[in-house]
Number of protein chains: 4
Amino acid sequence: MTEDHDHEGDGHHDPDRDTFSHDPVGHAEVRAGMTVGELADEYGNAGVGAADLHEAVDVTEAMFDDDVTVFFGLAGAMVPTGMRAIVADLIRDGYIDVLVTTGANLTHDSIEAIGGKHHHGAAHAEGKTEREHDETLRDEGVDRIYNVYLPQEFFATFESHLREEVFPVLEEEGVVPIQRLTEELGRANAEINEREDVDEDAGIAAAAYENDVPIYCPAIQDSVLGLQAWMYSQTSDFSLDALADMTGLTDIAYDTEEAGAFVVGGGVPKNFTLQTMLVTPGAYDYAVQLTMDPKQTGGLSGATLDEARSWGKLETDADNVSVYADATITLPLVVAAARERLENRS
Amino acid sequence: MTEDHDHEGDGHHDPDRDTFSHDPVGHAEVRAGMTVGELADEYGNAGVGAADLHEAVDVTEAMFDDDVTVFFGLAGAMVPTGMRAIVADLIRDGYIDVLVTTGANLTHDSIEAIGGKHHHGAAHAEGKTEREHDETLRDEGVDRIYNVYLPQEFFATFESHLREEVFPVLEEEGVVPIQRLTEELGRANAEINEREDVDEDAGIAAAAYENDVPIYCPAIQDSVLGLQAWMYSQTSDFSLDALADMTGLTDIAYDTEEAGAFVVGGGVPKNFTLQTMLVTPGAYDYAVQLTMDPKQTGGLSGATLDEARSWGKLETDADNVSVYADATITLPLVVAAARERLENRS
Amino acid sequence: MTEDHDHEGDGHHDPDRDTFSHDPVGHAEVRAGMTVGELADEYGNAGVGAADLHEAVDVTEAMFDDDVTVFFGLAGAMVPTGMRAIVADLIRDGYIDVLVTTGANLTHDSIEAIGGKHHHGAAHAEGKTEREHDETLRDEGVDRIYNVYLPQEFFATFESHLREEVFPVLEEEGVVPIQRLTEELGRANAEINEREDVDEDAGIAAAAYENDVPIYCPAIQDSVLGLQAWMYSQTSDFSLDALADMTGLTDIAYDTEEAGAFVVGGGVPKNFTLQTMLVTPGAYDYAVQLTMDPKQTGGLSGATLDEARSWGKLETDADNVSVYADATITLPLVVAAARERLENRS
Amino acid sequence: MTEDHDHEGDGHHDPDRDTFSHDPVGHAEVRAGMTVGELADEYGNAGVGAADLHEAVDVTEAMFDDDVTVFFGLAGAMVPTGMRAIVADLIRDGYIDVLVTTGANLTHDSIEAIGGKHHHGAAHAEGKTEREHDETLRDEGVDRIYNVYLPQEFFATFESHLREEVFPVLEEEGVVPIQRLTEELGRANAEINEREDVDEDAGIAAAAYENDVPIYCPAIQDSVLGLQAWMYSQTSDFSLDALADMTGLTDIAYDTEEAGAFVVGGGVPKNFTLQTMLVTPGAYDYAVQLTMDPKQTGGLSGATLDEARSWGKLETDADNVSVYADATITLPLVVAAARERLENRS
């Protein structure tokens, strides 16, 4: 349980009573064949991170309600590390209304949409130090992301895809918002995925395109996608406007009845998702953060959601919780449990 | 995936091929109503921590087989934070053969066995800084363990329990091994729990007593249980032998056909579990570690299991994996998934 | 010592000898009045993080040589947490050739240049939970960054500064590279700081302007500076080009004889600093990273520098080291020690 | 700044004023040749971890005063990673009154006292994975502690030392307190170090013996020292009492005028140092903790010192601070800075 999770903070606390809530720790129980939703309920009996996780399922369930506009922040390594299908499914099933992510995620998402593959590798290979191993990978044309490998040949395929299917369409529009690029990328990914009968999910950008979910990518320059866009801009009138996305994003924020922020990891996707509320009258009513960054460093990535309250990014009475554990473990868990609850209701 | 988890490290690697294993990342998928075992299988499609967690389920499944003697190390905060029933059930169902733990866990386990209760609290209370909050708790006689509260009155009940039901039996035996104390504690907890019809699991020590699972607690002095034993020893001939437990423990280690170490958290329970193999001819064939301590500090708690191989604590060809994430989340998850696989087999 | 730090990895290793280097741990010694450089030398006698820190001083000393072009990546919280003067001094004294940073750092740097002040606060205030505390700060118009406070009134002063001194100049140029904005910001900060006789260092942007050090800020949208720019763009022809900075940056990278990357924290500044080498023939010859993010999550912020080698961002034989500890502690330490060595040489 | 460090928490706060203390962040400055004490002063101008570190120097300076009895907790990896001389010097110079540590530290300390050596190694060696590397080290008889190596032959030398110089003396005394063993070990280390003219500091245990500083090691079983003691006990009347040390330790605690706890790392040394105050009327007046364990897991090692206040281990008005960063970096820094202040006073 973090600072954000506050059993007695929900109006149930009687200030004349003891400061603790007479809410006994019941101990988690597990059994063969239990569902993920049942496991999440058991976490609610325990303390520390388990209690946070249970609270995150509660807040996510409330946030995934139809009346709440969900802004989803997705940090960099989540696509190459295997979280792509979970996010694409959430978009397709209407749980996400706005996606804020990195150029890296869009690059890796697109590479798979057009037939490329990431591979399970090792942080260290047999017969090598980490340093030697990476020298060898360099020689062999393989890029490493911790224990995931990507053959560099797929960057060439990605380049062709962009130069043939994406950039020419945009070139005619001159300097366009970054969100226009992500939209066209989604369209092109969806089309080529279907055309080439790739035995693979068309992915996040394609799902977003097909469901009118805008994708914002404020640090686009900081990715292979951005490098390709820059190289194309060198020989054409095409370029991207670094400010224009705020217009569409704040328009959405203005129009929300209730707003929720679901933030996976930190970095720009987290801050950009939260700061939107600095230029709108409202603030987030719900917020869930899955992170492994420590809060004591003062860095934005590990900062508590309460801190965001001082800035006016969260409503004073928002429901918010942070889970400090590996997001590749907690994201599937929270989503499966929240969906179990939501889809069992209907 | 940590260093320990090595898809190509199990003899399947063809050195003439590329250094990566052509094992594509398939992306995790989740759906409403899936079981925990199904979720664990999905983690196997992803990378980083999710892949580690999947591997941990594989190794745990192999380790929980009847032919493997399982040494289970349980670090300090796991009972007050709600992991008590999971461990007690594993003992009752025959999955654990030896338990190594702390005096703190035995203290908190016993308090619940005799009718005391931990409570969900908050790391910070309304209207207080953390410091002020803890001053208030002090005044009110409530001890805090992060976000779990324990009223100090239960320590008095625990003291009576020890002085009436446990220490007198041991006093006649003089200086006894620490394991004799944990055994008598388990017996007394089981008896009083039944006698007083406490509506609560009799717990870990009781389950261990009833199933002939020895509990080792090398740092007994470093706990309220140890303080109580010391105070009793001041006015009696009773004391505890700080070395005698090694005899029973190494006898068990000598007699194993295959041995597995399942280590939750770090500290003395981890090291004591592993070092047993320094004075026996064999070593662990299987090892799983659930920890949130970083490995780069050089501390024992976060050290990789590969490091233990250099000391001869693990067999050269042992299956081992470390999951770096909050253990109150990962322990229920790994146990539920492994039990699902094992109990579906039969 | 991390993976990157490899006493025997520099060609001095005799494969016929034992695998360890007969380089005994000599134990650090400290004494009253020793210099920071002497302390750094003592770290070299120790292991783990201390040895990394010593190695970081070695690599920094080599990198700060006149012949090496230094690209300095500065993540978000470093200015509000007090690292502003150290970075500004490094620029003034010629140690930094290119700065990559965040809009947040430039915002906080500028606020101080024009007379605003950050304040030492508390992560929690007396008489409040973290949540309540942040609600109060919100009411009082104070933004919190962990334990640093910033009164929101300074954001209004900053807005006037931008609208009067910075944006009008740029407006005439139409859609400009982001680096043009940071350059004008530096000019304006220097001028107003002098004009208003602010008793405060004119700061990082001003120092960069005065020393022809370009500042790149790829995620400009993701900051109060970016929000202000966006609001100004709503009623003018002014906007920023999201791609154009790559041109200037890669030109510098092409022209380097030797290149060094000094990266404080992770996020966009780290990745953008490193990825520059993907579109140039060379790669970094030296790299130092000060971070507190763990590497096992797969996130970019904690990723080792060896991983960057697989991508071709570091030369195969680059000297590189990562220090995993609070950067507000390690940055002053490494810089003071490296400067002691360099300035004692001359 | 952690929860513990509270500029406005010391009575200087005017509740009618703003909630922040108008204590501007002044920014750290560094220069070539500055002393470590001057660097520590600069940290006080910054925020986050740097401010904690500055506060730790303040509290350490107050605690190292003659009138304060200092209980020093030293976790396991600190001797093999090179902190041995710093601790031994603190004992010799009268700054430490009671040492609580692990059998591992005493083992490694003694090995160096009698002429053995730890070596700088690598977490991974050239031409090996971590796993293969550790298999090779196993074959070569070298134990690895992260990036420090210890040839196993020194364990044999250590065994002889214990069997010839230490255990026979104790054997005559029967079942003795663990502190008697650490005392005899210190005597024997000092003697053999002098006799054999080892060109090495006689170390921590020897310094403690020579300065009448008792060493408590509650988890003695959990170390090579403990294994050796157990093996000797198998064929003799010698054994160790697991409870008796509490008597001497609480006697010291009862007699203190003011008490300080300086805790490096977590585990048993931290808890045992703090819990002493549970059975004495007083509590710690000063406490400094250097740790890299996160507090959000609920584990004891990362727990805040405020939490200890709820248990009555710290006085309500104690000065306490936790620094969350690599202790091999922060211990030398804090000690050098505090000694500079103290020794400049005199």
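What follows is a chat between a trainee and a mentor about a predicted model.

Trainee: Let's start with confidence. What is the mean pLDDT of chain A?

Mentor: Keep in mind that this is a predicted model. In chain A, 89% of the residues reach a pLDDT of 70 or more. Residues 1-20 are a weak spot, with pLDDT below 50, though the stretch has 52 contacts in the model beyond near neighbours in sequence. For chain A the mean pLDDT is 86.

Trainee: And what ipTM does the predictor give the complex?

Mentor: There are two scores for the complex. The pTM is 0.90. The ipTM is 0.89.

Trainee: How much of chain A is made up of buried residues?

Mentor: Chain A has 13 helices and 11 strands. Of its contacts with a separation of 6 or more, 75% are between residues 24 or more positions apart. Out of 346 residues, the buried share is 71%.

Trainee: Is helix α3 of chain A largely enclosed or not, and why?

Mentor: Count the buried residues in α3(A), which covers residues 84-92. They are A:Arg84, A:Ala85, A:Ile86, A:Val87, A:Ala88, A:Leu90 and A:Ile91. That is seven of the nine residues, so the helix is largely enclosed by the rest of the structure.

Trainee: Which elements do those buried residues pack against?

Mentor: Just past the helix comes A:Gly94, with a positive phi near 85°. As for the packing of the buried residues in α3(A), one strand and three helices of chain A take part. They are β1 (68-74), α4 (103-113), α8 (203-210) and α13 (327-345).

Trainee: Now the small sheet in chain A. Which strands stand at its edges?

Mentor: The sheet is open, with three strands in the order β3-β5-β4 and antiparallel pairing. An edge strand pairs on one side only. In chain A that applies to β3 (119-120) and β4.

Trainee: Which residue of β5(A) is the bridge partner of A:Asp143?

Mentor: Strand β4(A), residues 142-145, is covered on both faces: A:Val142 and A:Arg144 are buried on one side, A:Asp143 and A:Ile145 on the other. Four bridges join β4(A) to β5(A), residues 148-151, and the two run antiparallel. Across from A:Asp143, the bridge partner is A:Leu150.

Trainee: Which residue in that hairpin takes a positive phi?

Mentor: Look at the turn joining β4(A) and β5(A), where two residues sit between the strands. The phi in question is near 50°. The residue is A:Tyr146.

Trainee: Over to chain B. Why do β7 and β11 each have one side without a neighbour in the sheet?

Mentor: The open sheet of chain B has six strands with parallel pairing, in the order β7-β2-β1-β9-β10-β11. Strands β7 (215-216) and β11 (314-324) are at the two edges, so each is left with a single partner strand.

Trainee: What is the bridge partner of B:Val68?

Mentor: Strand β1(B), residues 68-74, runs parallel to β9(B), residues 258-264, and seven bridges join them. For B:Val68, the partner in β9(B) is B:Glu258.

Trainee: How far does helix α7(B) reach from its first C-alpha to its last?

Mentor: This helix spans residues 178-195, 18 residues in total. Its buried residues include B:Ile178, B:Leu181 and B:Leu185, and just after the helix B:Asp197 takes a positive phi of about 50°. At 1.5 Å a residue you'd expect 26 Å, and the helix comes close to that, reaching 26 Å.

Trainee: Is B:Ser160 buried or exposed?

Mentor: You'll find B:Ser160 in helix α6(B), residues 153-171. Its C-alpha is 42 Å from that of B:Leu53, 107 residues away along the chain. A residue with 12 or fewer C-beta neighbours within 10 Å counts as exposed. B:Ser160 has 10 inside 10 Å, so it counts as exposed.

Trainee: Last stop, chain C. Which residue of β11(C) is the bridge partner of C:Val288?

Mentor: Strand β11(C), residues 314-324, is mostly covered, with nine of its 11 residues buried. Seven bridges join it to β10(C), residues 284-291, and the two run parallel. The partner of C:Val288 is C:Val321.

Trainee: And at what angle do α1(C) and α13(C) pack?

Mentor: The axes of α1(C), residues 36-43, and α13(C), residues 327-345, are 8 Å apart. The helices are roughly perpendicular, and the contact includes C:Val36 and C:Ala40 of α1(C) and C:Leu333 of α13(C). The angle is about 105°.

Methods:
Residues are numbered from 1 along each chain as its sequence is written. Chains are lettered from A and ligands numbered from 1 in the order in which they are written. This is a predicted model: local features need pLDDT of at least 70, side-chain atom pairs count only at pLDDT 80 or more; totals for chains, interfaces and linings use all residues. The expected span of a helix is 1.5 Å times one less than its number of residues. A residue is buried if 20 or more other C-beta atoms lie within 10 Å of its own, exposed if 12 or fewer, and partly exposed in between; C-beta atoms are placed from the backbone. Two strands pair if DSSP finds at least two bridges between them. Two residues are in contact if their C-beta atoms, placed from the backbone, lie within 7 Å. pLDDT is the predictor's confidence in each residue, from 0 to 100. Axes are lines fitted to C-alpha atoms, for helices over the stretch in contact, and angles run from 0 to 180 degrees between N-to-C directions. Angles under 35 degrees count as roughly parallel, over 145 as roughly antiparallel, 65 to 115 as roughly perpendicular and the rest as oblique.
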